[in-house]
Amino acid sequence: MTTTRITAEREAAVVGSVPTGLWIDGTSRPATGGATFPVHDPSTGEVLTEVADASPEDATGALDAAVSAQKQWARTPPRERGEILRRAFELMSARADDLALLMTLEMGKPVAESRGEVAYAAEFLRWFSEEAVRIAGRWSVAPDGASRLLTMKVPVGPTLMITPWNFPLAMGTRKIGPAVAAGCTMVVKPASQTPLSMYALAAIMQEAGLPDGVLSVVTTSRSGAVMGPMISDPRLRKLTFTGSTEVGRRLVEQSAEQLLRVSMELGGNAPFLVMADADVDAAVSGAMLAKMRNMGEACTAANRFLVHEKVADEFASKLAARMSQLRVGRGTEPDVQVGPLVDEPSLNKVSSLVQGAVDAGAKVLAGGEPVGSRGWFYAPTVLADVPDNAAMLEEEIFGPVAPVVRFASTEEAIARANDSPYGLVAYAYTRDLSTALQLAEELDTGMVGLNRGVVSNPAAPFGGVKHSGFGREGGTEGIEEYLETRYVGIEA
Ligand code: NAP
């Protein structure tokens with residue numbers, strides 16, 4: 001929580017310090033014809049600034065820069081690549097306050113949370129600065145003794161990175177860190193709602209010593225039309241995407257044309273299981289994190305609270321009490337804990353999911369309606385006895401709403417948890433070791449939080465299964481997404 005008031009002058013200064021042109025080949029330049037589009041403050045709906053609106057030709061210019069920088073960048077010593085990342089980590093950390101305020105202004109989350117994201121985002125750069133010098137291969141003798149087998153790792157090559165608005169910096173550094181470490185060049189296309197954080201990061205990467213052309217940033221209000229030609233360009237070698245399953249599916253289809261290497265971090269519908277033997281107070285604290293981080297606008301947000309019938313009433317009433325105490329408001333105001341949703345369609349979607357559940361018989365224990373008449377605020381909400389046919393149990397809510405559903409046995413809990421096309425993360429609270437192991441083994445997700453409401457960690461492999469995508473970001477696995485294996489057979 002922040003306790004000091006942020007002035008309008010400081011807000012304007014932070015926004016004004018960001019380059020808003022297309023970042024191509026190390027310079028900030030206007031889009032063809034000087035086209036721009038507005039960036040809004042979701043707490044007021046007002047325009048913060050305008051950024052360059054790229055044409056397909058501008059995007060091709062960014063790919064040209066990535067292609068011409070690729071060879072030299074791949075030859076740059078790993079230690080040098082690592083040290084650039086390390087310097088960028090230091091710069092981000094030193095400027096955390098400005099970066100956090102910028103993120104809050106364009107995205108809405110409270111400044112304290114934005115500061116948490118800046119630290120998390122910078123940590124990917126530090127982690128991969130350490131991985132850059134640990135790229136290794138293998139040497140062996142062929143079983144028949146006739147040759148030697150050398151296995152080496154080489155950078156995949158020019159990569160397109162498309163990122164969402166909900167974590168404007170971290171979803172970028174989770175890709176940029178390993179790509180820089182591996183020796184890939186890249187073009188980043190941030191979400192049109194939150195382009196400013198990525199432009200600020202591009203300038204920091206340059207200041208840290210990243211050569212021109214290695215990282216370009218392209219913003220556009222016509223993502224499909226502008227990214228399409230780049231995805232079909234045979235010079236592009238990889239597409240990595242974080243965003244909705246719907247758009248991800250379309251991008252996988254498009255990337256089939258050039259058979260690109262593809263990584264997909266897509267939507268989720270995380271179940272949060274509270275078993276009969278759980279420490280209910282710990283589960284409520286974990287639920288607050290799993291639900292309310294980022295106002296519920298996270299792919300990892302707990303979407304369904306599956307609670308054993310013995311503890312369901314206690315859990316739901318304690319959760320409702322904690323949710324009701326949260327302070328909703330503009331993210332720059334002192335002590336605010338819940339900011340606005342990102343835009344009006346998001347607010348409308350959350351409202352209609354809640355209304356649908358209530359119409360189907362759910363009981364409102366906390367919240368249940370929008371807040372205020374300006375900006376896109378929704379009250380932290382807890383719903384009990386949510387019927388199985390409520391749409392919010394199947395769709396990503398992407399808002400501060402916790403539906404509670406009862407179960408009677410561990411088998412039923414696992415079956416309900418797995419009854420979703422998504423498989424990003426599941427959370428489970430239990431004090432029983434056998435139950436914990438059974439859940440870790442049988443929950444069909446890429447990640448499991450056991451007695452923990454947050455799983456994200458730069459040192460761990462983040463990613464999903466089923467409609468939540470494929471590929472892993474972070475951990476020792478993260479750099480593999482940017483490396484190809486090359487085998488050399490040697491006879492001597
Ligand atoms: P989105 O609508 O899929 O957009 C994501 C990005 O894709 C944005 O940069 C968007 O640009 C771009 N885009 C949209 N249509 C495109 C197209 N036809 N061609 C190329 N690019 C296109 O998702 P979002 O609403 O920003 O983000 C929320 C979603 O992301 C949720 O489903 C959430 O679960 C998921 N997410 C997943 C993870 C994970 O790691 N698994 C992490 C965070 C978020 P515009 O902004 O210009 O539309």
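In the predicted model, 32 residues surround the ligand, and those that come nearest are T163, S223, S244, L266 and E396. S223, one of these nearest residues, also takes part in a polar contact, in which an N or O atom of its side chain is 2.6 Å from an oxygen atom of the ligand. The side chain of K189 likewise places an N or O atom 2.9 Å from a ligand oxygen, whereas at A191 the polar atom belongs to the backbone and is 3.5 Å from an oxygen atom of the ligand. Taken alone, the ligand exposes 900 Å², of which the protein buries 87%.

The interior of the protein includes a largest nonpolar core of 90 residues, within which M92, L160, I176, M186, M205, L215 and M227 have the most contacts. For M92, when neighbours within four places in sequence are left aside, the residues in contact are L99, V118, A121, A122, L125, L169, T173, L201 and I204. A second core, separate from the largest one, has 68 residues, with W165, M288, L393 and I397 among them. In soluble globular proteins, nonpolar side chains tend to be buried together.

The cysteines were considered next. C184 is buried, with a relative accessible area of 0%, and C299 also counts as buried, at 13% relative accessibility. The assignment of C299 as buried follows because its 13% relative accessibility falls under the 20% limit. With a disulfide taken as a pair of cysteine sulfur atoms within 2.5 Å, the count comes to 0 disulfides.

Two further positions were examined individually, one within a helix and one within a loop. T435 is found in helix α14, which spans residues 433–442, and T435 is buried because its relative accessible area of 14% is under 20%. Beyond residues up to four places away in sequence, T435 touches M275, T410 and T430. E257, by contrast, is found in the loop between α9 (245–255) and β11 (261–265), and this residue is classed as exposed because its relative accessible area of 57% is over 50%. Although E257 and S232 are 25 residues apart along the chain, their C-alpha atoms are separated by 6.6 Å.

Definitions and conventions: Residues are numbered from 1 along each chain as its sequence is written. This is a predicted model: local features need pLDDT of at least 70, side-chain atom pairs count only at pLDDT 80 or more; totals for chains, interfaces and linings use all residues. Side-chain values use heavy atoms; hydrogens and water are left out. A nonpolar core is a set of buried Ala, Val, Leu, Ile, Met, Phe, Trp, Tyr and Cys residues joined through side-chain atoms within 4.5 Å. Buried means under 20% relative accessible area, exposed over 50%, partly exposed in between (1.4 Å probe, protein chains only). Contact means heavy atoms within 4.5 Å. A residue is near a molecule or strand if one of its heavy atoms lies within 4 Å of it. A polar contact is a pair of N or O atoms within 3.5 Å; within protein, one must be able to donate a hydrogen and the other to accept it, and residues adjacent in sequence count only if both atoms are side-chain atoms. Accessible areas come from the Shrake-Rupley method with a 1.4 Å probe; for residues, only the protein chains shown count as cover. Helices (H or I, at least four residues) and strands (E, at least two) are DSSP runs, numbered from the N terminus.
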